[in-house]
Structure formats: C-alpha cells, structure tokens
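Please open the model in your viewer and keep the sequence panel at hand. The tour below goes from one selection to the next and says what is to be found at each stop.

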Amino acid sequence: MAQVLPESVPRSTPDGIVQETLPSRQFPGIPLFILVFLLVLPGLFAPYLAPHNPIRGSLRARLQPPVWVQGGTITHPLGTDKVGRDILSRIIYGARISLAVSLVAILVSGVIGTALGLMAGYFGGRLDALIMRLVDISLGLPVILLALVFVAAIGASFITVVVVTTVLLWARYARQVRGETLSIRERDFIARARVAGASHFRIMLRYIFPNVINTLTVLATLQIGAVILLESALSFLGAGIPRPTPTWGSMIADGRDLIVVAWWIAMFPGLAIMLTVLSLNLLGDWLRDRLDPKLRNI
Amino acid sequence: MRQARLRQSAGLFMVLMLLSLAFLGGDAQAQTREAKVDRLVIGLINPFRDYFRAWISGTPDHNIQHDPILEWLIEIDPDTGQYVPWLAKSWEMTPDGRLWRVKLQEGVNYHQDYGEFTAKDVVHNHALWCEANYPGRADPPSSAYRTGICTVERVEVINDYEVLMHCKEPCLDFEFYYSEAANVMMFSKAQWDKEGEMGYERKPAGTGPYEFKERKLGQSVLYERAPTPHWKHGVVDWKELMMTWTIEESTRYAQLLAGETHLTEVNKDLVDQLVSRGYKLVRSRGTAQQIQIVFGGLYFGTEDPQTGRYTEHGGITGKLDPSEPWTKKKVRQAMNKAINREELLEVLYKNRADYMYVHGYYPDLPGWDPTWEQRFPEMYGYDPQAAQRLLREAGYPNGFKAKAWLFPFAGAPELIPLVEAVQIQLLDVGIELRLEEADLVSTIAPIWRARKAHGYLAAVPPSKKAVEAQIAVFNAGKAGIHQFETDEIYRMWEELKQLADPTERDVLLRKIGNYKFENFEIIPLFNVFIEVVVDPNIVDDWAFPGWDGGDIGHTWRITACKQEEPCR
C-alpha cells in the first residue's frame, strides 16, 4: 500500500545520510507583482505615471497628509514633504534611481567579479591567491566609510554610488564563481576541451561560464535588494545621489526631522524599500530553489 | 462698650498680624525654594568647533560652551541690547578714537584658585589673539574678527585695575570687539603659566558663575555652580548645567519630551508642536541673525597694478570667473526677484521674523538707511516675469544650472528646508540647483576662505555684529566667506577705518550699505530671533539678547521655575 508522505520528512539516501526534504517553494506571485508595480514599471515609465513633477512643489501645500488622513487630498494621495513636493511622485521617480543604480552596479560588479573568479578558479596558483586576497580586502572594507571617502574625493553623484557599490560587490561574485570553477575545471568535458585544443579563454567562456550562470542569476537577484539598501543608506547619509533628485534614502532622511508631525514623509519610502527588498529576496530564494541543481536533487 | 471695641480691634489686629506672618513666612519659604532639578540639561544642535581656545575656534557665533564659565570685558544687555559693564567697570575713548581707557572690576577671582582677574589677564588675552608669536601658543589665532580685535595694537597697564588700549587707527568699534558679541573672553594668565595652552582645553578656569566640570568631545559639556556666589550675578539657580550636542531634530525633540533635556532648539514646526503640548517658547530679546543666501564667486577685485600681486588683505584677488552667471548684476537681481519671500516667511518662518534688506545693517546700528524698506519691493520684490526678463537680458533666456550647499547650523534649524524651497522657486525661472550636503567646517569654510566657491549658493545665518565688523569679514576679505568683494567696497572700508567722527562714519557706512544694496550682493531674506523651547515645569525664563556669543548666551539668566505649577 502506497504511503503518503507528509510535505517534509526525513529521507534516507543510498549512502545512509538522512536528509530532510524541503517543501517546494511556490511561485512568488505576490513578490513579483510588488516588484513590477513598485520598481519596474515606475522605473521605466516614471514620467507617465507620476502625477506631479518630483522636484517641484508648493510651499503652501507642504506637510499635507495622505488622502485617507484628515486634511489630505486626492491631489497628493501619499501627502507632501516639507517643501510641498508630492510624495507619490518622488517614490515613483525614486524607483527609477534604485533600479538604475542596481542594474548598472550589478552589471559592472558582476562582469568584473565573474571574470576574476573564473581566472582565479581556472588558473589557480599565484593568480588565485592574489585575487582571493583582493577579495578578502574588498569584503573587509567598511561600506559607509568607503562611500564617504569616495564622496569626499570625487563628489556625490550617480557615478560615485555605482563605483562604491561595484567596489563592494565584485568580490562576492568572484568568490562564488571561483568556487564553482574549481569543481567544474576538474570535470571530464573540460579535459576533453583541452585535448581538443581549446584555448583557456574559450574554455572559460564556452564551457565553464554557462555552468555558473544559474548561480550568478540567483546571486544577482539577491543582491539587487542589497544594492537598493546600500544606495538608500548612502542617500540617507548625504553620500548618495545629490538632491533634489528623489531617492528613497534621501526621502527618509528628509522625513526624519519631522517624523513626529509628518510621519508619511519617511514612512512611504521606507515601506517601498522594505517591500522591494523583501520581494527581491523571496524571488531570489525561489530562483535558487529552481536553478540550483543541488537543491533540486533533494 | 469701649472695651469691647478695643477687644474687637485687638482681635482683628492679632488676626491681621497672624495672617501677615503666615503670608510672609510662606513667601519667605517660596523665596528659598530650590530649582526642581539639580542639573539643567540644554539640548543643542552642534558645536562649531569643539574647542575652548576661542582664538582658534574661528567665530564668535559658537561660544555657547564658554558662556557659563568665562566672561568678557563688556556685556550686551539682554533687555536693551546696549553695551554694559562686565569685567570692564567703565571705558572711555579719546576724541581721536585711538585710545580707550578701561577700568576693570576689582575682586573678581578665577576658579581653581588661579587668583584675581587683573590687567595682566587683559594683556595676556589680547596677546593670544593678536601677537604673531606668543610664547607657548601652538595654534595660531584664526578668529574671523581678528582684524578688528587687533586694531588694538598695544595694551598698556596703568595698574592692576586699569589699562589703556592703544589702537593703530581709530577703533570706534572697540566695544563690539571686546564684548561678548565677539570672542575675546578673559582666560586666566596664571593658568596659562602653570598648565600651558592645553590647560584651557582640559579644565578652563574662568570667572563665571559656573565652573567647568567635564567634557565629552562632540557629546556634552558639564558645569557646576561655583562654590562661592558670583561677584555679579550672586548664586545661580542650578547646581549643575549640562550642554548636549545632538544634530538630529527629532532626537532633540524626543529628548525634551522624555525629560532628558529641559531646554532645546528645534525647527519651527516642532516648536509649534511642543508649544501645543504645553512647552514654552522663549525667544531672544532682539534680532539674532540675518538669514541670507550668498553667491559664491563674487571676487571682483583686480590685480594690484603697483605691486603686481594680490594684496594680503584680499580686497584685490584676481579670483573672479566672469563665466559665472551671477557675476552679472542682472542675474543677481533676477535671482532676487525669483524668490517669494512672503511665502518663505509665512510657511517656513511662521511669520516670526522680519525682512532684511542689507547684510550687516540693522535699524539700531550706525549706517541704517530707512529708504531701503521702500525701495526693496521694486528692486528685490517677487516678480518671476521680471526675473525671466532680466535673465534674458543677461544672456540666459533658458536659465542655467548651479549648485547649493546644504548644512546644519546651530541656532538656524530652517536653513536646509529654506535652501530646498529656494531651489523650487528658482526652478520656476529656469535656474536648476543641484544640492550638495557638506560639512561647514571641514569642507565649505576652506573653500570660502580660498575664494573657490564659484558656482555655489549657500544659505548662511550671520549673527548680528557691529556693521564695520561685518564689512571687514564678509566684504573686505578679512576672513570667511568673501561674499562680495570689489575694489570700491575695499576702498570705502579703508576710508571708514580712518574716521573717528561718529557722524561721518554713519554717513560712510550708509554709502557702503547702499553700494551693497544696489549691487544685489546677496539674496537677503530675514532678520530672525533665536527660539528655544523650555520645559515650563523646570525653567521659568531665559533672557538673552540674541547677539551675544553663540547667539544664545547669558546662561546665568536661565531661571528655574520654583512654583508648583508650570511657569507659563
């Protein structure tokens, strides 16, 4: 008689090791929905979606509460800030900054980190040691201090944020890719490629890279959230994108002085950050479950 | 019958006597009542530089931490705003304006047994600010008002309680430069001799009603009541007084609500919120600051044709970049006309300020021109169309891009929202501002000093000072901001310094004021008062003039609320 197993039960593998099956993760519909409506669509179509210009405002309309609070109006559904700018419009435009910084920073750091990780893992030896020490140094850098040094040296700008983020992120890609490469390079198909006369570059690009791309996708997805948090932290500290360009972090900073009289200034961008990062993490987890062969095998 | 009336009268008399005794007794009891807390905690924004050595702190606007312990020669009376005796008992000037005879208070003793305050301390403090190579002083003086302070070139001691201050040129503003509105406070010569320069940082000895107790750099300073009654103010209300530094407004607000502080300064939105919760608003008795926006880069001086070099005074600089839009007068006027002052005053300053017209000029000080008020609407008044027309005429039909600094400033919590509001208003005439957050002391001040502020606007709150002193610092290149320098203004300032007749001086000051006014040297905004919020259960009142050191001084005038009910 067939036994119905509960969703999560210990299961013995042929070698006798007891493993626990994980409940299969559902498709992250809600997180994806949030991401699309909070990050992607606003980021791409901000000028069409925002009801007001995010850097213009009217002083006389300052500190208007959200529409559902007494004194609020539908003109400014999420209220206005201390100089009368529309919070909703600024959140929409802020998504564009978050999206742009995340994509550029992850692309640049991903390319650099992957290239170095492939070389370190494939060639090994002194090059590996050198790159890994650089990785150790990079992972040991204090984020905020580094950002402040960059801002002091080259000024606050979009480029500065991307540079700081890249300097901090590339090492994670390098370390992950190196680990994968170390195991892949010992596989038979790599040996066969060598025998067939493929160059190192070709082996890395055509045979190893496709095998690490799943890992990279998961890592990148998880790191978008981290980049958004970092960008927000930098903007909060005044080391991010200069004002009046709206960013979620600087909006929170704007609201902190008036949090007792106008909670909505800091609340809504904070909520936007939280929902976006949470959704990205859930999406990343789901992707990892789907793409990571080790987890699939369980 | 008569006896009965006598008995009645005697009885009434006794009752009245008893009532009087009870009343007087109760009153005497109330008189002797102590403050409800031993330690008064004042929540402030931040120290400009956390030094006690005032000659290197650069500005007198941040001497709040000196105020409880150190004293000046001359006080600013909180109620009248006039110069009144302090460590100087009296002073008089010779007709040529080059000599001041100053008589000193007798019997004033320094804390920590450093002896009596005498003429030698005056000589010592003058030397600290003015002598190029004063023995034992490691850091050179950098006070913004040093030029005026050091117009007194020599202090001659007549006896322990009398000095003659010899000026190299007429020094009509001696009272200002040696008052608490500037920063020559009287440190102890005996402490210097015994402990050296750093003794002033470790535990400065003063003559004030409080003694220094402890300092945590960047966090707080703690003072305790001097063991003996103060020579002038008697016994102050608080056993201890603490100043804490907290940059964030909401934290200062919360500290007051939680009872961690008893007095604080916050922006006007939070002030109103606190007042609605029963806290009490206390304002400076007079105008404290002028809120204005300066154009970086108005360095119109030309190279000195005789020497072929830039003069040490900086009036002649060669640092002008003519490609900067606001080096054109029409652009400066356009930017002025793009500003809706009425809106800023009503919304940001809650109508608790007055319009200002010319930087450094006040109705109660020499040089004031009453016509400015009438001429202001036509020349500076809000008119976006006129602003756009002026920009077109100046060659900027589509406006231009520029930058502005954002920084917090003690005593001026509206500065940052003000700049953001101005950014929005300028956008309406096509001027796009990029706002940069920067540290005033470490980043902005050196750029200003080096005359490299091209392309930057900055909202600044210069404190009320003597008119000549402001021209020296802001226009004649003697320190700081270099907000508007021309050969003409420099020449007039040099001429001004030679005048000993107050009437002639008044006329020339007015001429300089008009020159500044007609050249749109700045975007003048408001004369403001300093506002603090106090816990009325703990604090009764605080009388401070607003233009004493630190803008908020006279800490000995913070009186305790000694009644059961809050002191409304």
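Begin by selecting B:Arg137 in this predicted model: its relative accessibility is 10%, and because buried means under 20%, B:Arg137 counts as buried. Along the chain, B:Arg137 belongs to the loop between α2 and α3 of chain B. If you now display its surroundings and set aside the neighbours within four places in sequence, the residues in contact with B:Arg137 are B:Trp55, B:Ala127, B:Leu128, B:Trp129, B:Glu131, B:Ala132, B:Trp192 and B:Glu197. A distance label drawn from the C-alpha of B:Arg137 to the C-alpha of B:Gly196 should read 8.2 Å, although 59 residues separate the two in sequence.

**The disulfides**

Stay in this part of chain B and select B:Cys130 together with B:Cys150, whose sulfur atoms lie 2.1 Å apart and form a disulfide. This pair links distant parts of the chain, with B:Cys130 in helix α2 (residues 119-130) and B:Cys150 in the loop between α3 (146-149) and β6 (152-159), 20 residues apart. Which hand does the disulfide of B:Cys130 and B:Cys150 have? The torsion about its S-S bond is about -90 degrees, so the disulfide is left-handed. Both of these cysteines, B:Cys130 and B:Cys150, are buried.

Move on to B:Cys167 and B:Cys171, which form a disulfide with their sulfur atoms 1.8 Å apart. Here the angle about the S-S bond is 60 degrees, and the link of B:Cys167 and B:Cys171 is right-handed. On the question of burial, B:Cys167 and B:Cys171 are each buried.

Then go to B:Cys561 and B:Cys567, which are joined by a disulfide with an S to S distance of 2.1 Å. The link of B:Cys561 and B:Cys567 is right-handed, with 85 degrees about the S-S bond, and both cysteines are buried. A search of the whole structure, over all chains, finds 3 disulfides. When the bonded cysteines of chain B are numbered in sequence order, the pairing reads 1-2, 3-4, 5-6.

**An open sheet in chain B**

Next, switch to a cartoon view and pick out the strands β8, β9, β10, β1, β11, β19 and β12 of chain B, which in that order form an open sheet of 7 strands with mixed pairing. To find the edges of this sheet, select 210-216 for β8 and 280-283 for β12 of chain B, since each of these strands pairs on one side only.

Within the sheet, select β9 (residues 220-225) and β10 (residues 240-245) of chain B, which pair in the antiparallel sense over 5 bridges. A place to look at this pairing in detail is B:Ser220, which stands opposite B:Thr244 in β10(B).

Now add helix α8 (residues 268-276) of chain B to the view: this helix lies across β12 and β19 (531-534) of chain B, and runs at about 30 degrees to β19(B).

**A pair of helices in chain B**

For the next stop, select α10 (residues 341-348) and α13 (residues 415-427) of chain B, two helices that pack at an angle of about 145 degrees with their axes 11 Å apart. Seen as a crossing, α10(B) and α13(B) are arranged in the right-handed sense. Which residues does each helix bring to the contact between α10(B) and α13(B)? From α10(B) come B:Glu343, B:Leu344 and B:Leu348, and these meet B:Pro417, B:Leu418, B:Ala421, B:Val422 and B:Gln425 in α13(B). Sorted by type, the residues of this contact comprise 6 nonpolar, 1 polar and 1 charged.

**Both chains as a whole**

Finally, zoom out and colour by chain. Chain B has 17 helices and 21 strands, and 61% of its 568 residues count as buried. Among contacts in chain B between residues at least 6 apart in sequence, 72% join residues at least 24 apart.

Chain A contains 10 helices and 2 strands, and tracing it from the N terminus gives the order β-β-α-α-α-α-α-α-α-α-α-α. Of the 298 residues in chain A, 46% are buried. For contacts in chain A between residues at least 6 apart in sequence, the share that joins residues at least 24 apart is 68%.

Definitions and conventions: Residues numbered from 1 in each chain as written. Chains lettered and ligands numbered in written order. Predicted model: local features only at pLDDT ≥ 70, side-chain atom pairs only at ≥ 80, totals over all residues. Heavy atoms only, no water. Pairing = 2+ DSSP bridges. Helix = DSSP H or I, 4+ residues; strand = E, 2+ residues; numbered from the N terminus. Contact = heavy atoms within 4.5 Å. Axes fitted to C-alpha atoms, helices over the stretch in contact; angles between N-to-C directions. Left-handed = near helix turned anticlockwise from the far one by under 90°. Nonpolar A, V, L, I, M, F, W, Y, C, P; charged D, E, K, R; others polar. Disulfide = S-S within 2.5 Å. Buried < 20%, exposed > 50% of the residue type's maximum accessible area, 1.4 Å probe, protein only.
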